[in-house]
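Work through these exercises with the model open. Each task is followed by a solution in steps.

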Amino acid sequence: MQPHATADLTVPPTAIESPLLSYRDEATGERVDLTAQQVGAWSARSASLLRDGCGLGPGSRVAVLLPPHWRTAAVLLGAWACGLAVSFRPRATAGLPVLEPGGDRPFDAVFVTPERQDDWLEDVPDAPHRYLVGTGPGRLADVPLGWLDWSAEVLRHPDVTPDHTAIRPSDPASADGTTYGQWGALAREVAGMLDLRAGDRLLVDAAEHEQPLKWLLAPLSAGASVVISANLDPARRDAVVAAEHVTRIL
């Protein structure tokens, strides 16, 4: 399978392999396939942005208010590679803030879609480093003052993993204090509940599953690949399953 231009990274033909993460928008026809190597490269760029561009490291807190998407995977994996504590809150309802332990502590960086940033129902936290992450191809056409386009900024950084950050299983991986070790155990438990195994291909309806524990961590812990489908028409789900060689549905 050939890499797609929307991923902005090219891979030598000898490195081409089956995609680890696929994103498809059924409404626009956009499609991005990323191999494990490409996912790693984007995650490394994101980690370099956070560590070298923002000066963040273990003890820093970031808020990731993004839907299931290949860019969301890069942001999350990059943050965890730096030993950061991540808040990936679900959408707020009726304008009420979503509280979590330690919620009175400020965030060091925030990542949000333009739609969510402009939604009066959302409680988007403030932070010194603020990034808009688009869910369409290419860069954003309009970026408000005080925000940066993640898609543009991340390309300023190398696609190699920064110097190793010593991460202990007891370190907090999320803003509520859940540790790396606990998230790893939860991911394996959820993978078991979904009967995910190495080689499986999991279909995720992006509108139904925002929690990355299910759409990202669980399948990766089991060695499964992921197909994220935005604007999925239930009437076409069987066709998507057949076309993508899906073996499990979330």
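**Exercise 1. Find the ring that lies under the charged end of Arg45, then do the same for Arg61.**

Solution.
- Step 1. This is a predicted model.
- Step 2. Start at Arg45. Its charged end sits over the ring of Trp42, 6.0 Å from the ring centre.
- Step 3. Trp42 has aromatic company: Trp42, Trp70 and Trp150 form one aromatic cluster.
- Step 4. Move to Arg61. This residue lies over the face of Phe107, at 4.6 Å from the ring centre.

**Exercise 2. Classify the ring pair of Trp80 and Phe88, and decide whether each residue is buried or exposed.**

Solution.
- Step 1. Count the aromatic pairs in the structure: there are 5.
- Step 2. Take Trp80 and Phe88. Their ring centres are 6.1 Å apart.
- Step 3. Compare the planes. They stand at 80°, and planes over 60 degrees apart count as edge-to-face, so this pair is edge-to-face.
- Step 4. Apply the burial cut-off, under 20% relative accessible area. Trp80 has 10%, so Trp80 is buried. Phe88 has 14%, so Phe88 is buried too.

**Exercise 3. Describe the largest nonpolar core, and trace the contacts of Val86.**

Solution.
- Step 1. The largest nonpolar core holds 52 residues. Leu50, Val62, Val64, Trp80, Val86, Phe111 and Trp150 have the most contacts inside this core.
- Step 2. Ask which element gives the largest share. Helix α2 (residues 70-81) does, with 7 residues.
- Step 3. Set a second, separate core beside it. That one has 9 residues, including Ala63, Leu65, Ala127 and Leu132.
- Step 4. Now trace Val86, skipping neighbours within four places in sequence. Its contacts are Val62, Val64, Leu76, Ala79, Trp80, Ala173, Ser174 and Ala175.
- Step 5. Widen the view to the protein chain. Of its 250 residues, 50% count as buried. Among contacts with a separation of 6 or more, 68% join residues 24 or more positions apart.

**Exercise 4. Compare the surroundings of three salt bridges: Arg24 with Glu26, Arg116 with Glu122, and Glu153 with Arg156.**

Solution.
- Step 1. Recall the principle: side chains of opposite charge can pair when their charged atoms come close.
- Step 2. The count of salt bridges is 14.
- Step 3. Arg24 and Glu26 meet at 2.5 Å, N to O. Arg24 is buried at 13% relative accessibility, while Glu26 is partly exposed at 23%.
- Step 4. Place this pair in context. Arg24 and Glu26 belong to a salt-bridge network with Arg31, Asp33, Arg201, Arg236 and Glu244.
- Step 5. Arg116 and Glu122 meet at 3.2 Å, N to O. Both residues are buried.
- Step 6. In the Glu153 and Arg156 bridge, the closest N and O atoms are 3.2 Å apart. Glu153 is buried at 16%, whereas Arg156 is exposed at 61%.

**Exercise 5. Locate Asp195 and Asn231, two residues with positive phi, among the helices and strands.**

Solution.
- Step 1. The protein chain has 7 helices and 10 strands.
- Step 2. Asp195 has phi near 55°, though it is not glycine. Its place is the loop between α5 (180-193) and β8 (201-205).
- Step 3. Asn231, also other than glycine, has phi near 55°. Asn231 is in the loop between β9 (225-230) and α7 (237-244).
- Step 4. Check exposure. Asp195 is partly exposed at 33% relative accessible area. Asn231 is partly exposed at 49%.

Key:
Residues are numbered from 1 along each chain as its sequence is written. This is a predicted model: local features need pLDDT of at least 70, side-chain atom pairs count only at pLDDT 80 or more; totals for chains, interfaces and linings use all residues. Side-chain values use heavy atoms; hydrogens and water are left out. A nonpolar core is a set of buried Ala, Val, Leu, Ile, Met, Phe, Trp, Tyr and Cys residues joined through side-chain atoms within 4.5 Å. Buried means under 20% relative accessible area, exposed over 50%, partly exposed in between (1.4 Å probe, protein chains only). Helices (H or I, at least four residues) and strands (E, at least two) are DSSP runs, numbered from the N terminus. Contact means heavy atoms within 4.5 Å. Rings of Phe, Tyr and Trp (its six-membered ring) pair if their centres lie within 6.5 Å; planes under 30 degrees apart count as stacked, over 60 as edge-to-face and the rest as tilted. A charge sits over a ring if NZ of Lys or CZ of Arg is within 6 Å of the ring centre and within 35 degrees of the ring normal. A salt bridge is a side-chain nitrogen of Lys or Arg within 4 Å of a carboxyl oxygen of Asp or Glu.
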